[in-house]
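Biologist: Please put the model up. I would like to go through the fold and the ligand site, question by question.

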Amino acid sequence: MDFETLVRTRRSVRGYKPDPVPKQVIQEIIDVAKGAPSSMNTQPWNLYVVTGEPLDKIRAGNTERMLAGVKPQRDFPTKEAYEGIHRERQVEIAKQLFAAMGIARDDKEMRQDWVMRGFRQFDAPVSIVLTYDKILEPAAIGQFDLGAISYAICLAAWERGLGTVINGQGVMQTPVVREHAGIPDTQAILTCIAMGYPNDDFSANQVKSTRADEASFVNFVGFDD
Ligand SMILES: Cc1cc2nc3c(=O)[nH]c(=O)nc-3n(C[C@H](O)[C@H](O)[C@H](O)COP(=O)(O)O)c2cc1C
C-alpha cells in the first residue's frame with residue numbers, strides 16, 4: 001500500500017475476530033514502527049505485548065473495578081473534561097459510533113455496554129501497552145515520542161491487514177494493567193493499542209472520523225500569497 005492510501009484508509013477498529021495474531025507479525029510491525037523519531041533519539045518507549053490469559057485478567061480486572069466505581073487511576077495528570085471545540089469533536093465521534101451501532105441516545109444500557117467494551121479493549125486478541133521510565137518526568141517530550149511510535153504501529157499493522165485502536169480506556173486502571181503485564185513501578189503507563197484482525201461485520205468498524213479544514217488550524221507564515 002502506498003503511504004497516502006495507508007494514511008487515508010486507516011481507521012480505528014473496535015470489533016475484532018478472535019483469531020490470534022502471530023508473534024512474528026507483531027515483531028515485524030514493531031521493527032518497522034521503531035523507525036519513529038524521538039527527541040535526541042532517546043527512544044523512551046517500552047512495549048508490553050499482551051495476549052491470552054494475562055490480557056483476559058486485565059479485561060476482568062478493569063471491568064470489575066469500573067463496575068465497582070473505582071476512580072480511574074492514571075500515572076500522570078489528565079484533563080477531566082473537554083470543552084468548546086474539543087468537546088464538540090468528542091461528541092461527534094461518539095454520535096457516529098453510536099449511530100453505526102444502532103445505540104439510541106437514551107439507551108443507557110447499550111451505552112454502558114459500549115463503554116465496558118472499551119475497558120475490555122474491545123476484546124482484541126492483543127494489547128500493546130506503552131510505558132516510559134518515570135525518571136523522564138516531567139515527560140511531555142517522552143509522551144510525544146510514544147505518540148510517534150504508536151501511530152507508526154497503527155500504520156504498520158493496517159498495512160498487514162490488522163486493525164488497531166489506541167485505547168486510553170484499557171489503561172485507566174493502571175494497577176490492574178501493571179500487575180498482569182508485569183510492569184515495574186519505575187515505569188509510567190501511557191496508553192495501550194488494541195490489535196487484531198478486523199471483524200468486517202462489526203458496524204462501528206466502518207466509521208470514518210472527520211477532520212477539520214486546514215483553514216481552522218494551519219497558519220502559513222512568510223509565504224507570498
Ligand atoms: C491517545 C488516544 C487515546 C484514545 N483512547 C480511545 C479510547 O479509550 N476508546 C476509543 O474508543 N477510542 C480511543 N481512541 C481512538 C480515537 O477515538 C480515534 O483515533 C479518533 O476518533 C479518530 O478516529 P480514527 O482513529 O478512526 O481516525 C484514542 C486515540 C488516541 C490517539
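What follows is a set of questions and answers on this model.

Biologist: What kind of model is this, and how are residues numbered?
Modeller: Residues are numbered from 1 along each chain as its sequence is written. Local features need pLDDT of at least 70, side-chain atom pairs count only at pLDDT 80 or more, totals for chains, interfaces and linings use all residues, and the model is predicted.

Biologist: How many helices and strands does the protein have?
Modeller: Helices (H or I, at least four residues) and strands (E, at least two) are DSSP runs, numbered from the N terminus. Along the sequence the pattern reads α-α-β-α-α-α-β-α-β-α-β. The count is 7 helices and 4 strands.

Biologist: What radius of gyration does the protein have?
Modeller: The C-alpha trace spans about 60 × 45 × 35 Å along its principal axes. The radius is taken over C-alpha atoms, and the globule rule is 2.2 Å times the number of residues to the power 0.38. For 225 residues a compact globule would come near 17 Å, and the protein agrees with 18 Å.

Biologist: In what order do the strands form the sheet?
Modeller: Two strands pair if DSSP finds at least two bridges between them. The sheet is open and its pairing is antiparallel. Strand 1 and strand 3 (163-166) each have a single partner strand, so one side of each lacks a neighbour in the sheet. The order is 1-2-4-3.

Biologist: How many bridges join strand 2 to strand 4?
Modeller: Strand 1 (residues 46-51) and strand 2 are joined by 6 bridges, and strand 3 and strand 4 by 4. Strand 2 and strand 4 (residues 187-196) run antiparallel, and the bridges between them number 8.

Biologist: Which residue in strand 4 stands opposite Val-129?
Modeller: Val-129, in strand 2, is also the bridge partner of Tyr-48. In strand 4, Thr-164 faces Met-195. Opposite Val-129 stands Cys-192.

Biologist: How many residues of strand 2 are buried?
Modeller: A residue is buried if 20 or more other C-beta atoms, placed from the backbone, lie within 10 Å of its own, exposed if 12 or fewer, and partly exposed in between. Across the 225 residues of the protein, 28% count as buried. Strand 2 (residues 126-133) is mostly covered, and of its 8 residues the buried ones number 7.

Biologist: At what angle does helix 7 run to strand 4?
Modeller: Axes are lines fitted to C-alpha atoms, for helices over the stretch in contact (C-beta atoms, placed from the backbone, within 7 Å). Angles run from 0 to 180 degrees between N-to-C directions. Helix 3 crosses strand 1 and strand 2, at about 95° to strand 1. Helix 7 lies across strand 1, strand 2 and strand 4, and its angle to strand 4 is about 75°.

Biologist: Which elements are included in the cover over the buried residues of helix 7?
Modeller: In helix 7 (residues 174-181), the buried residues include Val-176, Val-177 and His-180. Gly-182 follows the helix with a positive phi, near 70°. The cover includes strand 1, helix 3 (52-67), strand 2 and strand 4.

Biologist: Is Gln-121 buried or exposed?
Modeller: Gln-121 lies in the loop between helix 5 (108-119) and strand 2. Its phi is positive, near 55°, in a residue other than glycine. Asp-123 is in the loop between helix 5 and strand 2, also with phi near 55°, but counts as partly exposed with 16 C-beta neighbours inside 10 Å. Gln-121 has 28 other C-beta atoms within 10 Å, so the answer is buried.

Biologist: Which residue does a cis peptide bond join to Glu-137?
Modeller: The partner is found in the loop between strand 2 and helix 6. Omega is about -5°, and the residue joined to Glu-137 is Pro-138.

Biologist: How far apart in space are Trp-158 and Arg-11?
Modeller: Trp-158 is found in helix 6 (residues 140-159). Trp-158 is buried, with 21 other C-beta atoms within 10 Å. In sequence the pair is 147 residues apart; in space, C-alpha to C-alpha, the distance is 8.7 Å.

Biologist: How do the residues of the shell around the ligand divide?
Modeller: The surrounding residues (C-beta atom, placed from the backbone, within 6 Å of the ligand) include Arg-11, Arg-14, Ile-166 and Ser-209. Ala, Val, Leu, Ile, Met, Phe, Trp, Tyr, Cys and Pro count as nonpolar, Asp, Glu, Lys and Arg as charged, and the others, Gly among them, as polar. The shell divides into 3 nonpolar, 7 polar and 2 charged.

Conventions. Two residues are in contact if their C-beta atoms, placed from the backbone, lie within 7 Å.
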